[in-house]
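Colleague: I am new to this structure and would be grateful for guidance on how to read it. May we begin with the strands and then turn to the helices?

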Amino acid sequence: LWLDPGMAFGSGHHETTHLALGALETLDLRRKRVLDVGSGSGILAIAADLLGAADAEGLDNDPDTVPVARANAELNGSRARFSVGVLEPPTEPADVLVANLYAELHAELALRYRAALKPGGVLLTTGILAERGAVACDALSAVFGPLETLAAGEWLL
């Protein structure tokens, strides 16, 4: 995967990105719709597409990131699509939702994550400092039930 993060977050070198990429690699993404919330450079949506997702879409509230993500998709021959916006229930829920944000934002978005996922869908959240892990985990477990947590350095998925 070739990437120029430009002004967008997501160079691929951070522990949180490694956690998310590793988790995506463990999933069978064939015939799956993947939604990357806070897509930044597009690395996670592009990776999902290259890993075989039927549909990969990135969403970011920063309009400066979308051209960067689209250029990165083109550079990698990826069909991933990117748009500016905030997470609202999509017309077609995702099978997998991945978000590399921060703990408090994950807590705030927990109910929106549920609405954006198909029943039985997979939620991958990272960008969570271990010392702030309880903030995200408490909110997410209240909506989704028991969670599995992975760590890399001082970061959680």
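Modeller: Certainly; please bear in mind that this is a predicted model. One sheet is open and has 3 strands in the order E6-E8-E7, with antiparallel pairing. Strand E6 (128-129) and strand E7 (151-152) lie at the edges; each has a single partner strand, so one side of each is left without a neighbour in the sheet.

Colleague: Over how many bridges do E6 and E8 pair?

Modeller: E6 pairs with strand E8 (residues 155-156) over 2 bridges, in the antiparallel sense. Within this pairing, Ile 128 is found opposite Leu 156 in E8.

Colleague: How should one read the packing of two helices?

Modeller: Two packed helices are described by the angle between their axes and by the distance between the axes. Here, helix H4 (residues 103-116) packs against helix H5 (residues 133-144) at an angle of about 10°, and their axes are 7 Å apart. Angles under 35 degrees count as roughly parallel, and H4 and H5 are therefore roughly parallel to each other.

Colleague: Which residues in H4 meet which residues in H5?

Modeller: Among them are Ala 103, Ala 107, Leu 111 and Arg 114 in H4, which meet residues of H5 including Val 135, Leu 140 and Phe 144. The residues of this contact of H4 with H5 comprise 11 nonpolar, 1 polar and 2 charged.

Colleague: How many helices and strands does the protein have?

Modeller: The protein has 5 helices and 8 strands, which follow the pattern α-β-α-β-α-β-β-α-β-β-α-β-β along the sequence. Of its 157 residues, 46% are buried.

Methods: Residues numbered from 1 in each chain as written. Predicted model: local features only at pLDDT ≥ 70, side-chain atom pairs only at ≥ 80, totals over all residues. Heavy atoms only, no water. Pairing = 2+ DSSP bridges. Helix = DSSP H or I, 4+ residues; strand = E, 2+ residues; numbered from the N terminus. Buried < 20%, exposed > 50% of the residue type's maximum accessible area, 1.4 Å probe, protein only. Axes fitted to C-alpha atoms, helices over the stretch in contact; angles between N-to-C directions. Parallel < 35°, antiparallel > 145°, perpendicular 65-115°, else oblique. Contact = heavy atoms within 4.5 Å. Nonpolar A, V, L, I, M, F, W, Y, C, P; charged D, E, K, R; others polar.
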